[in-house]
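Here are some short exercises to work through with the model open beside you. Try each task before reading its solution.

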Amino acid sequence: MSIDKKYVDQIIKVSEKAALASSYLVGKKDKIAADQAAVDSMRYELNKIDMNGEVVIGEGSLDEAPMLYTGEKLGNKKGPYFDIAVDPLEGTNFAANDLPGAISVIAIAEKGNLFNAPETYMDKIATGPIEKGLVDLDFSLKKNVSNLANFLNKEISSLTACVMDRPRHKKIIDELEQLNINIKLITDGDVLGALYVTNPKYNVDIFLGVGGGPEGVLAASALDAFDCHFQGRFIFDNDKDIKDANKMGITDLNKKYELNEIIKGDSIFCSTGITSSEMLNGVVINNDKYITETLVTHKSLRFKETIKRSNLIKE
């Protein structure tokens, strides 16, 4: 089954409006307020849509409302059943401090087709389209980059790896330096970091390291439309996370998830720039209009474009 293409424009509007709402708080040093503005706008727009939606990737649990919480029902209850994954404001620090890379992100899939990821960390690896079995979380870093270099017909020293700049990644970063691989360090923006592998113009050959599990699922939705490679393994290192995983039906705590296990069937993904980055320009407000750039994918239509739109603020 495929998702009706009429939903593409509606989901674009959801991420655009969330980006606009958050943009008014860019540089105001209040990441919580910027996030809340995006959340409120996203909820309001989603509830207008003809659908029976349920959040499977949200910003917390019911007791943490008014975030868009996991299990929240959205839509006007008059349409198909969808799973929804959201990150209304990825890069809260970027927005608060007017730094590049804040985005609003949403993905929808048919009911049961989007992995219900726990609120924990995930070890991830992503590349552009490659042969199966070439790059794997269970391989050493050296084997992965050697295999990738051979496949791309490049010298290892010409590869670029994107890694989040975190103390937990010191070993990875040190090894990449020893291998003389170019490193693109990002301070936040786990979804955006993974999306750099979708197009050679961003000059990122591999994204790797430990980041948010929910962000991994969101990124997977877009990577799937680009036929990219992605694997993820959740990290359960405390009793609460283990109990939460068991409640979700996750019994193999060390399982390595392939892309087709994280996102199944058709999906729509939208990511709208709030502050400008290499990938997306941020929101520009011009009198009664605002201009946005949104990366949009619709898997069944093989649609993947960056769309620039001008809209009336009050519509």
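**Exercise 1: Placing two annotated residues**

In this predicted model, Asp-35 sits in helix H2, which covers residues 31-46. Find where Glu-59 is placed, and decide whether each of these two residues is buried or exposed.

*Solution.* Start with Glu-59: its place is the loop between strand S1 (52-57) and strand S2 (73-74). Next, take the relative accessible areas, where buried means under 20%. Asp-35 has 11%, so Asp-35 is buried. Glu-59 has 19%, so Glu-59 is buried.

**Exercise 2: One spot**

Work out why Asp-35 and Glu-59, listed by UniProt under "binding site" in an unreviewed entry, gather at one spot.

*Solution.* First, look along the sequence: the two residues span 25 residues. Then turn to space: their C-alpha atoms are no more than 10.2 Å apart, so the residues gather at one spot. Now check the pocket: the lining of the largest pocket includes both Asp-35 and Glu-59. Finally, list the contacts of Asp-35, leaving aside neighbours within four places in sequence: Glu-59 is among them, along with Met-67, Pro-88, Leu-89 and Thr-92.

**Exercise 3: Looking for disulfides**

How many disulfides does the structure hold? Explain the result for Cys-228.

*Solution.* The count is zero. A disulfide needs two cysteine sulfur atoms within 2.5 Å. For Cys-228, the closest cysteine sulfur belongs to Cys-162 and is 13 Å away, which is too far for a bond. Cys-270 is in no disulfide either, as its nearest cysteine sulfur, in Cys-228, is 17 Å away. To finish, check burial: Cys-228 counts as buried at 7% relative accessibility, and Cys-270 is buried at 0%.

Terms used. Residues numbered from 1 in each chain as written. Predicted model: local features only at pLDDT ≥ 70, side-chain atom pairs only at ≥ 80, totals over all residues. Heavy atoms only, no water. Buried < 20%, exposed > 50% of the residue type's maximum accessible area, 1.4 Å probe, protein only. UniProt positions renumbered as here; feature names shortened; annotations may be inferred. 1 Å grid on protein atoms, 1.4 Å probe; cavity = no way out; pocket = protein on both sides within 12 Å on 5 of 7 lines; lining within 4 Å. Helix = DSSP H or I, 4+ residues; strand = E, 2+ residues; numbered from the N terminus. Contact = heavy atoms within 4.5 Å.
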